[in-house]
Amino acid sequence: DTNNTYALTITATDSDSNSDAEDWVVSVSNDVTGPGVTITASEVNDGDVSDHSSISLIFTLSETSSDFFVDDVAVTNGTLSEFKVIIGSDNKRYTATFTPTEEGPTSIKVASDKFTDLEDNNNTTSNEFNWTYLALMPDPTLKKDVVGSVEAWSNMASRWGYRNIDAVHDRLRWLDRNKDSTKTSHQGIKVRFKNKVVDKIMNDTPKSIDSVLDNVQSSVVGSLGCTSHVINRSSQTDTSSPKTGSTSNDLRPNSYTVKKGDNLYRIGLEHGYDYREIAAANNIDAPYSIRVGQKLNFSSLNTKESIDDVKPSTYESEGGIIDYSIGAEEVAQANSQKGDNSCDEGRHGGASVDLDGVKNIVTSELQNAAINEAARLREDVIGTLNPAFGPVIGDWAVWTSGEIMFGKSNDTSVASKQDTNYQSIHLGFDRPLEDGDGTIGVALGIGINKTDIGSDITNVKANNYSALVYGEFDQDVGTTLEATLGMGHLKFDTIRKDGPDTLTGSRAADQIFGSLTLRGDNIEILRDPSIDTSTLEQKYFNSGYGRISPYGKVDIVLTKFEKFSEIGAVTALTFEEQTMRNARAAVGVDIDYLFKKGGKTIRPFAKLEYGLDLSKSSDVALYYTVEGEGVPYSLQLKNSSDRLWKFGLGVELYTEDNFNTVINYKRQNGIGPNSRPVESVYFDLIWNFL
């Protein structure tokens with residue numbers, strides 16, 4: 001029938017004609033399925049890594065075959081012995097010895113249609129058996145580039161935590177050196193824009209309206225070949241009498257009393273003067289220090305000779321927009337009233353006047369005037385991107401600091417040499433406490449690190465970020481308490497060369513850092529007896545005054561590294577989570593001295609610090625990724641020195657043309673596990689400081 005089932009009746013008869021019949025039902029099946037193959041090994045499992053010189057493979061067939069041979073098996077990175085049939089398996093199980101050709105991955109597989117079963121059905125594809133042969137995986141902690149890499153990212157982390165603490169320390173020292181002055185903001189980084197017009201608007205100091213209009217007048221008159229005179233515009237806006245002592249209608253006050261938060265730059269903007277004019281009129285030298293309650297004299301600045309009765313063609317003031325035009329008639333009138341009409345007759349003869357040239361000059365001056373007005377608007381709305389020393393918003397001051405460090409360490413018996421390039425920038429805001437007995441502030445930090453390790457391409461790079469709060473609090477006993485608390489995040493990229501292999505990886509770390517500093521009262525040194533120090537301004541900013549500021553401090557940095565694995569070859573490593581605890585306690589002194597010479601104010605300063613490294617040893621757990629966690633290794637990072645020291649020398653220079661530079665040299669040891677002494681030289685060049 002259709003089910004391949006057959007009914008049979010079998011009858012048997014003997015010689016005596018006796019017979020018997022029996023019915024049979026026979027079902028016949030038709031095999032159309034090909035045999036399958038499963039590959040296993042006696043010594044290892046699929047995907048394992050081992051140092052076996054050979055392994056015994058077992059091929060298990062789902063059906064009996066009479067034509068399965070060793071040539072039907074495909075192998076990579078090895079050879080296969082002849083088959084042996086396992087006794088009692090009915091030709092369904094075979095064994096063969098696989099011998100790897102060289103270290104590295106191997107694979108064994110049987111493709112489809114290589115042999116048949118007894119019904120001539122072709123086989124199906126087998127599983128692929130993978131095994132990695134490594135004769136001997138060396139201890140990774142004995143590889144100098146591995147140790148160098150671990151040292152590099154550990155040093156980067158501890159250095160970043162300490163750098164944040166030191167940035168605040170340096171900020172508070174700068175405030176102390178400029179104590180009781182109006183200088184509170186400090187910026188060593190100038191924000192610049194590629195577009196020149198935008199750069200002028202965002203960075204130029206806006207001029208007064210009178211100054212801008214004088215420039216327009218001078219350019220127009222000069223282009224006509226005439227002598228330029230100052231035309232007073234104050235009478236156009238206010239008819240009140242001039243201040244006593246002034247020979248013009250300049251309505252600006254003859255004096256001004258310094259208030260809290262003032263500085264010469266802002267005072268000049270408010271009254272239409274260049275801060276250097278105010279400084280010169282009041283015998284104030286660089287760095288242009290002023291004090292609250294100090295009276296500034298403007299009378300000598302308000303006596304510029306002017307012509308009161310010359311009227312501009314148009315002059316309107318509405319909504320803060322001023323339209324001022326000067327015609328040739330007014331220019332001639334101004335010159336004739338001065339008795340010095342020096343216009344070039346030839347140029348006023350008509351055709352000889354270069355009208356295109358005059359037009360270009362006027363256009364240029366009007367463009368400058370428009371840029372100046374935009375800068376004035378920016379000044380009113382957001383202030384300056386490159387602030388002066390005074391407060392920026394209310395009594396909040398802004399400061400920036402940067403550090404560049406190049407360090408080298410020699411090759412040791414356990415770690416490769418290291419060349420380090422480190423850069424960081426901090427931006428901070430702080431303000432004095434309401435009672436004036438301290439400072440509170442916040443800061444953000446960004447850092448970039450790169451350490452080249454050994455003589456090949458091995459290196460570690462890191463991008464660092466931080467946010468912190470800090471404060472300085474005066475104590476009743478004449479001491480000052482400084483506190484810093486912050487959080488950091490670091491992102492590492494690693495490249496490691498291991499023989500012919502190049503391994504890469506990325507990992508992250510988070511940290512918390514804090515510091516407490518107790519600073520003693522300043523000790524006066526090298527003071528010139530002839531100097532009157534009865535006022536704070538004279539005490540802190542007159543030549544011949546120096547101070548020693550002793551302190552003691554404790555710094556703590558806690559860093560937790562995430563687990564990460566290298567990729568690229570069988571020699572890739574996996575590093576477990578790592579926790580690093582750094583701490584240091586130190587005592588030291590800050591020293592500075594101020595003197596003036598040749599129009600320059602010079603302030604040398606120095607730091608000497610000695611302490612103990614209280615850091616705990618850090619254990620680094622790692623293993624070959626191909627071997628797995630079952631074959632672990634451990635590397636212990638110990639402190640480089642129980643004793644720490646830091647030495648620094650620097651000088652701060654102010655000049656009368658408003659130029660300020662700070663140069664500093666620093667040498668210290670013990671920054672992180674297994675580190676060697678580090679030297680750094682850094683400097684700031686600052687313009688637009690008041």
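Asp 113 is exposed, with a relative accessible area of 53%. Since this is a predicted model, please read every value here as computed from predicted coordinates.

**Two aspartates with positive phi**

Let's stay with Asp 113 for a moment. Its place is the loop that joins β10 (104–110) to β11 (129–133), and its phi is near 65 degrees, a positive value in a residue other than glycine. That catches the eye because most residues other than glycine have a negative phi.

Which other aspartate, not being a glycine, has a positive phi? Asp 90 does, at about 55 degrees. Asp 90 sits in the loop between β8 (84–85) and β9 (93–100). Is Asp 90 buried or exposed? With a relative accessible area of 54%, Asp 90 is exposed, since the class begins over 50%. Here are the two residues side by side:

| Residue | Phi | Loop | Relative accessible area |
|---|---|---|---|
| Asp 90 | about 55 degrees | between β8 (84–85) and β9 (93–100) | 54% |
| Asp 113 | near 65 degrees | between β10 (104–110) and β11 (129–133) | 53% |

**A negative patch on the surface**

Aspartates turn up again in another setting. Asp 435, Asp 437, Asp 474 and Asp 476 form a negative surface patch. Of this group, Asp 474 belongs to strand β19, which covers residues 459–474. Why does Asp 474 count as partly exposed? Its relative accessibility is 36%, and the partly exposed class lies between 20% and 50%, so Asp 474 falls inside it.

**An open sheet and its edge strand**

Now to a sheet. Four strands, in the order β24-β25-β28-β29, make up an open sheet with antiparallel pairing. At its edges stand β24 (564–565) and β29, each with a single partner strand, so one side of each has no neighbour in the sheet.

For β29 we can look at the pairing in detail. Strand β28 (residues 618–624) pairs with β29 in the antiparallel sense over 5 bridges. Which residue stands opposite Tyr 633 of β29? That is Leu 622. Leu 637, also in β29, has Ser 618 opposite it.

The faces of β29 (residues 633–637) can be told apart as well. Tyr 633, Leu 635 and Leu 637 make up its covered face, whereas Ser 634 and Gln 636 are on the uncovered one. Tyr 633 and Leu 637 of the covered face are thus met again as the residues opposite Leu 622 and Ser 618.

Definitions and conventions. Residues numbered from 1 in each chain as written. Predicted model: local features only at pLDDT ≥ 70, side-chain atom pairs only at ≥ 80, totals over all residues. Heavy atoms only, no water. Patch = residues over 30% accessible without salt bridge, like charges linked within 9 Å, V, L, I, M, F, W, Y side chains within 5 Å. Areas by Shrake-Rupley, 256 points an atom, 1.4 Å probe, with all protein chains shown as cover. Salt bridge = Lys/Arg side-chain N within 4 Å of Asp/Glu carboxyl O. Lys, Arg positive; Asp, Glu negative; His and termini not counted. Charge placed at Lys NZ, Arg CZ, Asp CG, Glu CD. Buried < 20%, exposed > 50% of the residue type's maximum accessible area, 1.4 Å probe, protein only. Pairing = 2+ DSSP bridges.
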